[in-house]
Amino acid sequence: MVLASGPAARAVTVGPAIIHAFSADKGGGLYFVPFATGTDADCAGHVDQVIVPSRAIIEADRRFVFNISDGDLACLTTEGRGRFELLWHTYLGPGMRPASMAQTKR
């Protein structure tokens, strides 16, 4: 689970993986950046550079499925003033190898 209040850019998880995401809230989006530290700082440095079609808007009460490439970090962006809660889990698809513990440690 990732929580955000107000406008924010938050790290979610590193690839390679397939992510299932859900929120009861509206006003969030997912985008992908190159993995550097695996922290929110990776996401914050790119939020203004995200091209709208490459950012997936999270609609309330819908499940979304995304592929995260090897070496990428999935990020959550929120634009509203309220609270946003993203529920998610990942799994490895065919041929995917798990990221190292150094990459996933936050």
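**Reading strands and cores in a predicted model**

Reader: How do the side chains along strand 1 (residues 2-5) point, and which of them are buried?

Author: In a regular strand the side chains alternate between the two faces of the sheet. Along strand 1, Val2 and Ala4 point to one face and are buried, while Leu3 and Ser5 point to the other and are not; buried means under 20% relative accessible area, exposed over 50%, and partly exposed in between, with a 1.4 Å probe and protein chains only. This is a predicted model, in which local features need pLDDT of at least 70 and side-chain atom pairs count only at pLDDT 80 or more, while totals for chains, interfaces and linings use all residues. Residues are numbered from 1 along each chain as its sequence is written, and side-chain values use heavy atoms, with hydrogens and water left out.

Reader: Which strand pairs with strand 1, and in what sense?

Author: Two strands pair if DSSP finds at least two bridges between them. Here strand 1 pairs with strand 8 (residues 83-91) in the antiparallel sense, over four bridges, and the bridge partner of Ala4 in strand 8 is Phe84.

Reader: What pattern does the protein chain follow along the sequence?

Author: Helices (H or I, at least four residues) and strands (E, at least two) are DSSP runs, numbered from the N terminus. The protein chain has two helices and eight strands, and read along the sequence they follow the pattern β-β-β-β-α-β-β-β-β-α.

Reader: Which residues have the most contacts inside the largest nonpolar core?

Author: A nonpolar core is a set of buried Ala, Val, Leu, Ile, Met, Phe, Trp, Tyr and Cys residues joined through side-chain atoms within 4.5 Å. The largest one has 13 residues, and those with the most contacts inside it are Val12, Leu30, Ile58, Phe66, Leu76 and Leu86. Strand 3 (17-23), strand 6 (62-68), strand 7 (72-78) and strand 8 are the elements that give two or more residues to this core, and strand 6 gives the most, with three. A second, separate core has eight residues, including Ala9, Tyr31, Val33 and Cys43.

Reader: How many aromatic pairs does the structure hold?

Author: Rings of Phe, Tyr and Trp (its six-membered ring) pair if their centres lie within 6.5 Å; planes under 30 degrees apart count as stacked, over 60 as edge-to-face and the rest as tilted. The structure holds two such pairs, and one of them, Phe64 with Phe66, is stacked, at 6.2 Å centre to centre and 10° between the planes. Both Phe64 and Phe66 are buried, and together with Phe32 they form one aromatic cluster.
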